[in-house]
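I opened a new notebook page for this one. My plan is to look things up one at a time and write down what I find.

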Amino acid sequence: MNPEQTDQLSGTRLAPYIQLATYLIGKSREGGGNMFRHQLDTMSILIDYKYIDSILLKASLVHDVLEDIPDFNHNIMLGIDYESYAVYDLVLEVTRRHNETKPEFLTRIKESGSQSAKILKVADRISNMISLGFVNNMEFVERYINETEKYLLSLAEEVDQNMYTELKDLVTSRRKYLNDYKNLERFIINYTTEV
């Protein structure tokens, strides 16, 4: 990170958004951990790729609040600072609507999402794919890998070549994890049948 980027990042007031993200503590994830940590992971991925736009970083910290806390009072988010309305708009953009299927949601972001929404969604998916290595529900893992290949790889390629490379590598490694698990499962079934 160059000195100008460091100065810009140091001037970004993230603490109120981190505090807001604590509403997600206790909300479990399929990959283990909780949704609060996932928000921080998503932000760290953005910083790792040198995305330091304050609205993007703030939104990354609370990107699942509206979706995962149904009775959340959005006025709390809107009252944080002068960028709150822009942060809220970005969070809304990456929030799955009640009547949307997952494919419709991902297609909406790809076809009509802002550049910031696309970048945030790719960082979010990188975080989710990393945690797949801890998931034991192989149907979920397979569905998630397939969904990533179908909807997110092309989106990642559009927004950031380096993020695309990481996401593609994650798909490959998680596919190997899935295949190794299935092979082990078949071995155990065959072994127990023979014994």
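**Entry 1: a word I need first.** I count a residue as buried when its relative accessible area is under 20%, as exposed when it is over 50%, and as partly exposed in between. I also keep in mind that this is a predicted model.

**Entry 2: Glu147.** I started with a single residue: is Glu147 buried or exposed? Its relative accessibility is 10%, and that is under the 20% cut-off, so Glu147 counts as buried. I found Glu147 in helix α10, which covers residues 138–159. Then I asked which residues Glu147 touches, leaving aside its neighbours within four places in sequence. The contacts are Lys102, Leu106, Arg125 and Leu152.

**Entry 3: stepping back.** I looked up the whole protein next. I get 11 helices and zero strands, so my sketch of the order from the N terminus is just α written again and again. The C-alpha trace spans about 70 × 40 × 30 Å along its principal axes. There are 195 residues, and 46% of them count as buried.

I also checked who touches whom along the chain. Taking contacts with a separation of 6 or more, 65% are between residues 24 or more positions apart.

For the surface, I noted that the protein exposes about 10,400 Å², with 51% of that supplied by carbon and sulfur atoms. For the charges, I have 22 positive and 30 negative ones. The mean positions of these two groups are 3 Å apart.

**Entry 4: salt bridges.** How many salt bridges are there? The count comes to 10. I picked some of them to look at.

One of them joins Lys118 and Glu158, whose closest N and O atoms are 2.6 Å apart. Lys118 sits in helix α9 (residues 115–131) and Glu158 in helix α10, so this pair ties together parts that are 40 residues apart in sequence. I compared how covered the two partners are. Lys118 is buried, at 9% relative accessible area, while Glu158 is partly exposed, at 40%.

Another one joins Glu149 and Arg175, and here the closest N and O atoms are 2.6 Å apart. Which helices does this pair tie together? Glu149 belongs to helix α10 and Arg175 to helix α11 (residues 161–194), so the linked parts are 26 residues apart in sequence.

I then looked at Asp180 and Lys176, which form a salt bridge with the closest N and O atoms 2.7 Å apart. This one stays inside a single helix: the two residues are four apart in α11, which means about one helical turn separates them. Asp180 is partly exposed, with a relative accessible area of 37%.

I also noted a network of salt bridges that links Lys58, Asp81 and Glu83.

**Entry 5: back to Glu149.** I wanted to know what else is around this residue. Glu149 is partly exposed, with a relative accessible area of 37%. Leaving aside neighbours within four places in sequence, Glu149 is in contact with Val171 and Arg175. I also checked Lys168, which is 19 residues from Glu149 along the chain. The C-alpha atoms of these two are separated by 8.1 Å.

**Entry 6: helix α8.** Which residues of α8 (residues 102–112) are buried? My list has Phe105, Leu106, Arg108 and Ile109. Looking down the axis of α8, I see that its buried residues fall within an arc of 155°, so they line one face of the helix. On the other side of α8, Glu111 and Ser112 are exposed. Then I asked what covers the buried residues of α8. The cover includes α7 (84–93), α9 and α10. Leu106 had already come up in Entry 2, as a contact of Glu147.

**Entry 7: an odd angle.** My last stop was Lys50, in the loop between α3 (35–48) and α4 (54–61). Its phi is near 70°, a positive value in a residue other than glycine. I wrote down why this caught my eye: most residues other than glycine have a negative phi. As for cover, Lys50 is partly exposed, with a relative accessible area of 41%.

Key
Residues numbered from 1 in each chain as written. Predicted model: local features only at pLDDT ≥ 70, side-chain atom pairs only at ≥ 80, totals over all residues. Heavy atoms only, no water. Buried < 20%, exposed > 50% of the residue type's maximum accessible area, 1.4 Å probe, protein only. Contact = heavy atoms within 4.5 Å. Areas by Shrake-Rupley, 256 points an atom, 1.4 Å probe, with all protein chains shown as cover. Lys, Arg positive; Asp, Glu negative; His and termini not counted. Charge placed at Lys NZ, Arg CZ, Asp CG, Glu CD. Salt bridge = Lys/Arg side-chain N within 4 Å of Asp/Glu carboxyl O. Arc of directions from axis to C-beta.
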